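Colleague: I should like to understand the terms used for this structure. Please set each value against its definition.

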Amino acid sequence: MTQDQLKQLVGEAARDEVLKLPAGQILGVGTGSTVNYFIDAIAPHKSHFAGTVSSSNASTERLLKHGFTVLDPNDVVQLPVYVDGADEIDPQGNMIKGGGGALTREKIIASMANQFLCICDSSKQVPVLGHFPLPIEVMPMACAIVTREMEKLGGKVALRLQKSVRADLNQTPSQAFVTDNGGWILEVTGLSITDPAALEAQINQIAGVLTVGIFAKEKADVLLVSNATGIKRIVL
Ligand code: 5RP
């Protein structure tokens, strides 16, 4: 099975899971290629949900195209479940997220939900977080200071660039990838993330950081993971 087929499989498994919710609930929807399969899978069942809240412009666009109602998070009080992917997930449910650059809105909506349902293929499961470059969304004016602070923590820092210029050797900050919030993304490698909650709290203290892509406070509660033999459901 290809990785895309595994993503589709777990997207469909998540559809079956959320359809067990009573009708008329609001659904929290994440971002990424796995979530895209999930959105497409629930589209025929949209009348089961009173609406959705979305973690990115890309997911909002896809939800609207399918005819879902997309609500302003400020108007939502009760969110039973938030469904999203991950770049890495450890055995405790701590995650690195933000590969798609949507980490800030993802963390906000995750914090609103009673349950974080993480969906991924088994390549995302790791014993310890940190091989995937840790995304940190920063205010553009704080790019240099946050870079220096992360270097003090032992990280090697690179500014995420727009996809089209990544191969270009003459990269400049004017070619920075810009998030839905107008932020920039720093990608940090070389960190040993043995205590995700502590590192998340520490990076949150750096002025200019909007969101760090460690999801320990907002970790996964339930993991649906696909591999060649099928789907596993793990309560974390
Ligand atoms: C986006 C994310 C995604 O959930 C993460 O990057 C996984 O994406 P994909 O399902 O495409 O592998 O955090 O900001």
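Modeller: A polar contact is a pair of N or O atoms within 3.5 Å; within protein, one must be able to donate a hydrogen and the other to accept it, and residues adjacent in sequence count only if both atoms are side-chain atoms. This is a predicted model, in which local features need pLDDT of at least 70 and side-chain atom pairs pLDDT 80 or more, while totals for chains, interfaces and linings use all residues. Residues are numbered from 1 along each chain as its sequence is written, and side-chain values use heavy atoms, without hydrogens and water.

Colleague: What makes the pair formed by Ala102 and the ligand a polar contact?

Modeller: A backbone N or O atom of Ala102 lies 3.2 Å from an oxygen atom of the ligand. The limit is 3.5 Å, so this pair is a polar contact. A backbone N or O atom of Gly101 is 3.4 Å from a ligand oxygen, and a side-chain N or O atom of Lys97 is 2.9 Å from one.

Colleague: How much of the ligand does the protein bury?

Modeller: Taken alone, the ligand exposes 380 Å², and the protein buries 92% of that (Shrake-Rupley method, 1.4 Å probe).

Colleague: Which residues are closest to the ligand?

Modeller: The closest are Ser33, Thr34, Asp87, Gly98 and Lys124, among 17 that surround the ligand (a heavy atom within 4 Å).

Colleague: Why are β12 and β13 called paired?

Modeller: Two strands pair if DSSP finds at least two bridges between them; strands are DSSP runs (E, at least two residues), numbered from the N terminus. Strands β12 (residues 222–227) and β13 (residues 230–235) have six antiparallel bridges, so they pair. Asn227 stands opposite Gly230, and two residues separate the strands of this hairpin.

Colleague: Why do β4 and β11 stand at the edges?

Modeller: The open sheet has the order β4-β5-β11, with antiparallel pairing. Both β4 (88–89) and β11 (214–215) have a single partner strand, so one side of each lacks a neighbour in the sheet.

Notes. Helix = DSSP H or I, 4+ residues; strand = E, 2+ residues; numbered from the N terminus.
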